[in-house]
Amino acid sequence: MAAILLIFLLMLSFPSMNAGSPPSPGYWPSSKFRPMSFHYAFKSLWGFSHQSVDQNALTIWLDRTSGSGFKSDRPFRSGYFGASIKVHPGYTAGVITAFYLSNSEVHPGFHDEVDIEFLGTTFGKPYTLQTNVYIRGSGDGEIIGREMKFHLWFDPTQDFHHYAIFWSPKEIIFLVDDVPIRRYQRKSDATFPLRPMWLYGSIWDASSWATEDGKYKADYNYQPFVAKFTGFKAGGCSAYSSPRCRPVSASPHRSGRLTMQQYKAMKWVQRYHLVYDYCKDPKRNHALTPECWN
(Lines give C-alpha, C1' and ligand atoms only; values in the text may rest on other atoms or scores of the structure.)
Protein backbone atom coordinates (compact mmCIF):
# COMPACT_ATOMS: atom_id res chain seq x y z
CA MET A 1 0.00 0.00 0.00
CA ALA A 2 2.83 2.37 0.92
CA ALA A 3 4.52 1.69 -2.43
CA ILE A 4 1.31 2.52 -4.34
CA LEU A 5 0.94 5.74 -2.36
CA LEU A 6 4.55 6.68 -3.12
CA ILE A 7 4.04 6.13 -6.86
CA PHE A 8 0.87 8.24 -6.76
CA LEU A 9 2.71 11.10 -5.01
CA LEU A 10 5.54 10.92 -7.52
CA MET A 11 3.05 11.15 -10.38
CA LEU A 12 1.61 14.31 -8.84
CA SER A 13 5.10 15.75 -8.39
CA PHE A 14 6.16 15.02 -11.98
CA PRO A 15 3.14 15.58 -14.26
CA SER A 16 3.04 14.11 -17.75
CA MET A 17 4.87 16.02 -20.44
CA ASN A 18 1.59 15.83 -22.34
CA ALA A 19 0.17 18.43 -19.97
CA GLY A 20 0.40 22.12 -20.80
CA SER A 21 2.25 23.71 -23.66
CA PRO A 22 5.20 22.51 -25.72
CA PRO A 23 8.75 23.46 -24.76
CA SER A 24 9.74 26.95 -25.81
CA PRO A 25 11.15 27.00 -29.35
CA GLY A 26 13.52 29.79 -28.30
CA TYR A 27 12.91 31.74 -31.50
CA TRP A 28 9.80 33.51 -32.75
CA PRO A 29 9.88 34.06 -36.53
CA SER A 30 6.48 35.78 -36.51
CA SER A 31 8.08 38.69 -34.64
CA LYS A 32 10.30 39.39 -37.65
CA PHE A 33 7.36 40.38 -39.87
CA ARG A 34 4.96 43.29 -39.55
CA PRO A 35 1.21 42.67 -39.63
CA MET A 36 -0.42 43.71 -42.90
CA SER A 37 -3.78 45.24 -43.67
CA PHE A 38 -6.10 42.80 -45.42
CA HIS A 39 -6.92 45.36 -48.10
CA TYR A 40 -3.23 46.09 -48.66
CA ALA A 41 -2.16 42.52 -49.37
CA PHE A 42 -5.28 40.52 -50.32
CA LYS A 43 -8.40 40.60 -52.42
CA SER A 44 -11.72 38.83 -52.08
CA LEU A 45 -11.95 35.83 -54.37
CA TRP A 46 -15.46 34.44 -53.89
CA GLY A 47 -18.39 34.63 -51.50
CA PHE A 48 -18.12 38.41 -51.32
CA SER A 49 -21.35 38.68 -49.30
CA HIS A 50 -19.95 36.21 -46.77
CA GLN A 51 -17.00 38.25 -45.54
CA SER A 52 -16.42 41.47 -43.64
CA VAL A 53 -13.37 43.46 -42.54
CA ASP A 54 -13.22 45.42 -39.30
CA GLN A 55 -9.96 47.07 -38.21
CA ASN A 56 -7.86 44.65 -40.29
CA ALA A 57 -9.65 41.60 -38.86
CA LEU A 58 -11.35 39.53 -41.55
CA THR A 59 -14.45 37.47 -40.82
CA ILE A 60 -15.64 34.88 -43.34
CA TRP A 61 -18.53 32.48 -42.99
CA LEU A 62 -20.29 29.50 -44.51
CA ASP A 63 -24.02 28.94 -44.70
CA ARG A 64 -26.22 26.85 -46.95
CA THR A 65 -25.91 29.46 -49.75
CA SER A 66 -22.14 29.96 -49.91
CA GLY A 67 -18.73 29.94 -48.27
CA SER A 68 -16.02 32.51 -48.88
CA GLY A 69 -12.39 32.87 -49.92
CA PHE A 70 -9.59 35.38 -50.42
CA LYS A 71 -6.23 35.53 -52.19
CA SER A 72 -2.97 37.49 -51.97
CA ASP A 73 -2.33 40.14 -54.58
CA ARG A 74 1.14 38.77 -55.35
CA PRO A 75 2.53 35.32 -56.02
CA PHE A 76 5.63 34.21 -54.11
CA ARG A 77 8.44 31.79 -54.79
CA SER A 78 9.45 31.51 -51.11
CA GLY A 79 8.68 33.18 -47.80
CA TYR A 80 6.96 33.24 -44.44
CA PHE A 81 3.14 33.29 -44.48
CA GLY A 82 1.14 33.57 -41.27
CA ALA A 83 -2.16 34.66 -39.78
CA SER A 84 -3.86 34.57 -36.40
CA ILE A 85 -7.02 32.49 -36.75
CA LYS A 86 -10.01 31.64 -34.57
CA VAL A 87 -12.40 28.92 -35.74
CA HIS A 88 -16.07 28.21 -35.06
CA PRO A 89 -17.05 26.26 -31.91
CA GLY A 90 -19.58 23.47 -31.53
CA TYR A 91 -20.77 21.22 -34.35
CA THR A 92 -18.64 21.99 -37.42
CA ALA A 93 -18.49 18.59 -39.14
CA GLY A 94 -17.85 18.83 -42.86
CA VAL A 95 -16.59 22.42 -42.61
CA ILE A 96 -13.05 23.33 -43.67
CA THR A 97 -11.29 26.52 -42.64
CA ALA A 98 -8.11 26.80 -44.71
CA PHE A 99 -4.97 28.94 -44.97
CA TYR A 100 -2.73 27.79 -47.78
CA LEU A 101 -0.40 28.37 -50.73
CA SER A 102 -1.45 27.30 -54.21
CA ASN A 103 -1.03 27.90 -57.94
CA SER A 104 -4.19 26.02 -58.93
CA GLU A 105 -5.61 28.91 -60.95
CA VAL A 106 -2.50 29.08 -63.13
CA HIS A 107 -1.97 25.31 -63.36
CA PRO A 108 -5.45 23.72 -63.03
CA GLY A 109 -5.23 19.97 -62.55
CA PHE A 110 -1.43 20.23 -62.45
CA HIS A 111 -0.84 22.44 -59.47
CA ASP A 112 1.19 22.68 -56.26
CA GLU A 113 -0.32 23.37 -52.85
CA VAL A 114 0.78 23.69 -49.21
CA ASP A 115 -2.12 23.53 -46.75
CA ILE A 116 -3.05 24.36 -43.20
CA GLU A 117 -6.63 23.14 -42.77
CA PHE A 118 -8.94 22.96 -39.77
CA LEU A 119 -11.14 19.90 -40.22
CA GLY A 120 -14.52 20.45 -38.59
CA THR A 121 -15.70 18.19 -35.82
CA THR A 122 -18.67 16.98 -33.79
CA PHE A 123 -19.66 17.84 -30.23
CA GLY A 124 -17.09 16.80 -27.64
CA LYS A 125 -14.31 16.04 -30.12
CA PRO A 126 -11.30 18.25 -30.90
CA TYR A 127 -10.60 19.95 -34.18
CA THR A 128 -8.02 18.25 -36.38
CA LEU A 129 -5.34 20.50 -37.84
CA GLN A 130 -4.27 18.99 -41.16
CA THR A 131 -1.04 19.96 -42.90
CA ASN A 132 -0.61 18.82 -46.47
CA VAL A 133 1.71 19.17 -49.45
CA TYR A 134 0.59 18.57 -53.03
CA ILE A 135 3.04 18.43 -55.91
CA ARG A 136 2.39 18.79 -59.65
CA GLY A 137 -0.56 16.79 -60.90
CA SER A 138 -2.84 16.95 -57.85
CA GLY A 139 -6.45 16.84 -58.91
CA ASP A 140 -5.64 15.41 -62.32
CA GLY A 141 -6.00 11.65 -62.01
CA GLU A 142 -4.63 10.18 -58.77
CA ILE A 143 -4.32 12.75 -56.00
CA ILE A 144 -1.18 12.26 -53.91
CA GLY A 145 -1.63 13.92 -50.55
CA ARG A 146 1.11 14.15 -47.95
CA GLU A 147 -1.01 14.65 -44.86
CA MET A 148 0.10 14.98 -41.28
CA LYS A 149 -2.70 15.65 -38.79
CA PHE A 150 -2.61 17.02 -35.26
CA HIS A 151 -4.88 17.55 -32.27
CA LEU A 152 -3.67 20.83 -30.84
CA TRP A 153 -2.65 21.42 -27.22
CA PHE A 154 -5.28 24.16 -26.94
CA ASP A 155 -8.83 24.82 -28.11
CA PRO A 156 -8.60 26.81 -31.38
CA THR A 157 -12.18 28.07 -30.95
CA GLN A 158 -11.45 29.97 -27.74
CA ASP A 159 -8.90 32.52 -28.92
CA PHE A 160 -6.70 33.57 -31.81
CA HIS A 161 -3.52 31.58 -32.40
CA HIS A 162 -0.87 32.19 -35.04
CA TYR A 163 -0.50 29.60 -37.82
CA ALA A 164 2.24 29.85 -40.41
CA ILE A 165 3.93 28.23 -43.38
CA PHE A 166 7.64 28.77 -43.99
CA TRP A 167 8.57 27.86 -47.56
CA SER A 168 12.16 27.99 -48.78
CA PRO A 169 13.91 26.32 -51.72
CA LYS A 170 15.11 23.67 -49.25
CA GLU A 171 12.14 22.87 -47.01
CA ILE A 172 8.66 23.67 -45.78
CA ILE A 173 8.02 24.18 -42.07
CA PHE A 174 4.57 24.43 -40.51
CA LEU A 175 4.35 26.46 -37.29
CA VAL A 176 1.71 27.06 -34.61
CA ASP A 177 2.38 30.01 -32.28
CA ASP A 178 5.98 29.90 -33.58
CA VAL A 179 6.39 26.26 -32.57
CA PRO A 180 7.48 24.12 -35.55
CA ILE A 181 5.11 21.15 -35.84
CA ARG A 182 6.25 19.66 -39.16
CA ARG A 183 9.26 19.87 -41.45
CA TYR A 184 8.98 18.73 -45.08
CA GLN A 185 12.36 18.57 -46.84
CA ARG A 186 13.19 18.94 -50.49
CA LYS A 187 14.58 15.49 -51.23
CA SER A 188 14.01 15.76 -54.98
CA ASP A 189 12.55 18.26 -57.44
CA ALA A 190 9.76 15.78 -58.17
CA THR A 191 8.49 15.86 -54.58
CA PHE A 192 8.81 19.57 -53.79
CA PRO A 193 6.83 22.65 -54.92
CA LEU A 194 9.13 24.96 -56.88
CA ARG A 195 6.74 27.11 -58.91
CA PRO A 196 5.36 30.45 -57.59
CA MET A 197 2.23 30.25 -55.44
CA TRP A 198 -0.34 32.69 -54.06
CA LEU A 199 -1.54 32.79 -50.45
CA TYR A 200 -5.21 31.89 -49.92
CA GLY A 201 -7.75 31.53 -47.15
CA SER A 202 -11.26 30.09 -47.25
CA ILE A 203 -14.18 28.41 -45.49
CA TRP A 204 -16.17 25.81 -47.40
CA ASP A 205 -18.23 22.62 -47.25
CA ALA A 206 -16.11 19.47 -47.63
CA SER A 207 -18.69 17.05 -46.22
CA SER A 208 -17.56 14.27 -48.53
CA TRP A 209 -14.27 13.80 -46.64
CA ALA A 210 -13.48 16.38 -43.95
CA THR A 211 -14.79 14.75 -40.77
CA GLU A 212 -13.93 11.11 -40.13
CA ASP A 213 -13.65 10.44 -43.88
CA GLY A 214 -17.10 11.88 -44.59
CA LYS A 215 -18.98 10.02 -41.87
CA TYR A 216 -20.35 13.29 -40.49
CA LYS A 217 -21.70 16.00 -42.81
CA ALA A 218 -22.23 19.73 -42.47
CA ASP A 219 -25.47 20.44 -40.63
CA TYR A 220 -26.86 23.84 -41.58
CA ASN A 221 -29.10 23.90 -38.55
CA TYR A 222 -25.93 25.26 -36.90
CA GLN A 223 -25.17 27.90 -39.55
CA PRO A 224 -23.45 30.25 -40.01
CA PHE A 225 -20.03 28.72 -39.49
CA VAL A 226 -17.62 31.58 -38.85
CA ALA A 227 -13.84 31.89 -39.12
CA LYS A 228 -11.87 34.97 -38.12
CA PHE A 229 -8.44 36.00 -39.41
CA THR A 230 -6.18 38.80 -38.22
CA GLY A 231 -2.46 39.56 -37.92
CA PHE A 232 -1.72 38.69 -41.54
CA LYS A 233 2.01 38.38 -42.21
CA ALA A 234 3.77 37.60 -45.48
CA GLY A 235 7.38 38.21 -46.37
CA GLY A 236 9.93 36.75 -48.70
CA CYS A 237 10.67 36.60 -52.38
CA SER A 238 7.76 37.38 -54.63
CA ALA A 239 7.60 35.96 -58.13
CA TYR A 240 8.66 39.42 -59.33
CA SER A 241 11.70 39.73 -57.04
CA SER A 242 15.26 39.75 -58.32
CA PRO A 243 16.86 36.30 -58.69
CA ARG A 244 19.26 37.52 -56.00
CA CYS A 245 16.43 37.75 -53.44
CA ARG A 246 17.51 35.81 -50.37
CA PRO A 247 14.88 33.52 -48.79
CA VAL A 248 13.78 34.46 -45.28
CA SER A 249 14.63 32.22 -42.33
CA ALA A 250 12.47 30.40 -39.78
CA SER A 251 15.35 30.33 -37.30
CA PRO A 252 18.27 32.51 -36.12
CA HIS A 253 20.42 30.83 -38.79
CA ARG A 254 20.56 32.58 -42.15
CA SER A 255 20.37 29.16 -43.77
CA GLY A 256 16.94 28.66 -42.17
CA ARG A 257 18.08 25.50 -40.39
CA LEU A 258 16.11 24.91 -37.20
CA THR A 259 17.92 25.16 -33.88
CA MET A 260 18.13 22.23 -31.47
CA GLN A 261 15.59 23.99 -29.25
CA GLN A 262 13.15 24.31 -32.17
CA TYR A 263 13.65 20.61 -32.99
CA LYS A 264 12.96 19.71 -29.36
CA ALA A 265 9.67 21.62 -29.43
CA MET A 266 8.68 19.99 -32.75
CA LYS A 267 9.44 16.51 -31.45
CA TRP A 268 7.29 17.17 -28.39
CA VAL A 269 4.34 18.14 -30.59
CA GLN A 270 4.80 15.12 -32.83
CA ARG A 271 5.12 12.79 -29.86
CA TYR A 272 2.00 13.95 -28.03
CA HIS A 273 -0.26 15.58 -30.62
CA LEU A 274 0.35 13.92 -34.00
CA VAL A 275 -2.64 11.71 -34.88
CA TYR A 276 -1.87 10.78 -38.50
CA ASP A 277 1.29 10.54 -40.63
CA TYR A 278 0.90 9.52 -44.27
CA CYS A 279 4.38 7.98 -44.29
CA LYS A 280 3.28 5.51 -41.59
CA ASP A 281 -0.05 4.59 -43.17
CA PRO A 282 0.18 0.95 -44.38
CA LYS A 283 -2.80 1.51 -46.70
CA ARG A 284 -0.93 4.10 -48.74
CA ASN A 285 1.06 3.25 -51.87
CA HIS A 286 4.47 4.55 -50.85
CA ALA A 287 5.88 3.99 -54.31
CA LEU A 288 4.17 7.35 -54.96
CA THR A 289 5.80 9.06 -51.97
CA PRO A 290 9.54 8.32 -52.21
CA GLU A 291 10.27 10.93 -49.51
CA CYS A 292 8.94 8.32 -47.03
CA TRP A 293 11.46 5.66 -47.96
CA ASN A 294 14.25 6.53 -45.53
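**Exercise 1. How many helices and strands does the secondary structure of the protein chain come to?**

Solution. Start with the ground rules: this is a predicted model, where local features need pLDDT of at least 70, side-chain atom pairs count only at pLDDT 80 or more, and totals for chains, interfaces and linings use all residues. Residues are numbered from 1 along each chain as its sequence is written, and side-chain values use heavy atoms, leaving out hydrogens and water.

Next, take helices (H or I, at least four residues) and strands (E, at least two) as DSSP runs, numbered from the N terminus. The protein chain then has three helices and 15 strands. Its radius of gyration is 20 Å, close to the 19 Å that the globule rule gives for 294 residues, so the protein chain is as compact as a globular protein of that length. Here the radius is taken over C-alpha atoms, and the rule is 2.2 Å times the number of residues to the power 0.38.

**Exercise 2. Place A93: where does this residue lie, and is A93 buried or exposed?**

Solution. First, find the loop between β5 (76–86) and β6 (95–102); A93 lies there. Second, check the relative accessible area (buried is under 20%, exposed over 50%, partly exposed in between, with a 1.4 Å probe and protein chains only). A93 counts as buried because its relative accessibility is 0%.

Third, look for contacts (heavy atoms within 4.5 Å). Not counting residues up to four places away in sequence, A93 touches G120, T121, T122, T211, Y216, K217, A218 and D219.

Finally, compare with F33: A93 and F33 are 60 residues apart in sequence and 34 Å apart in space, C-alpha to C-alpha.
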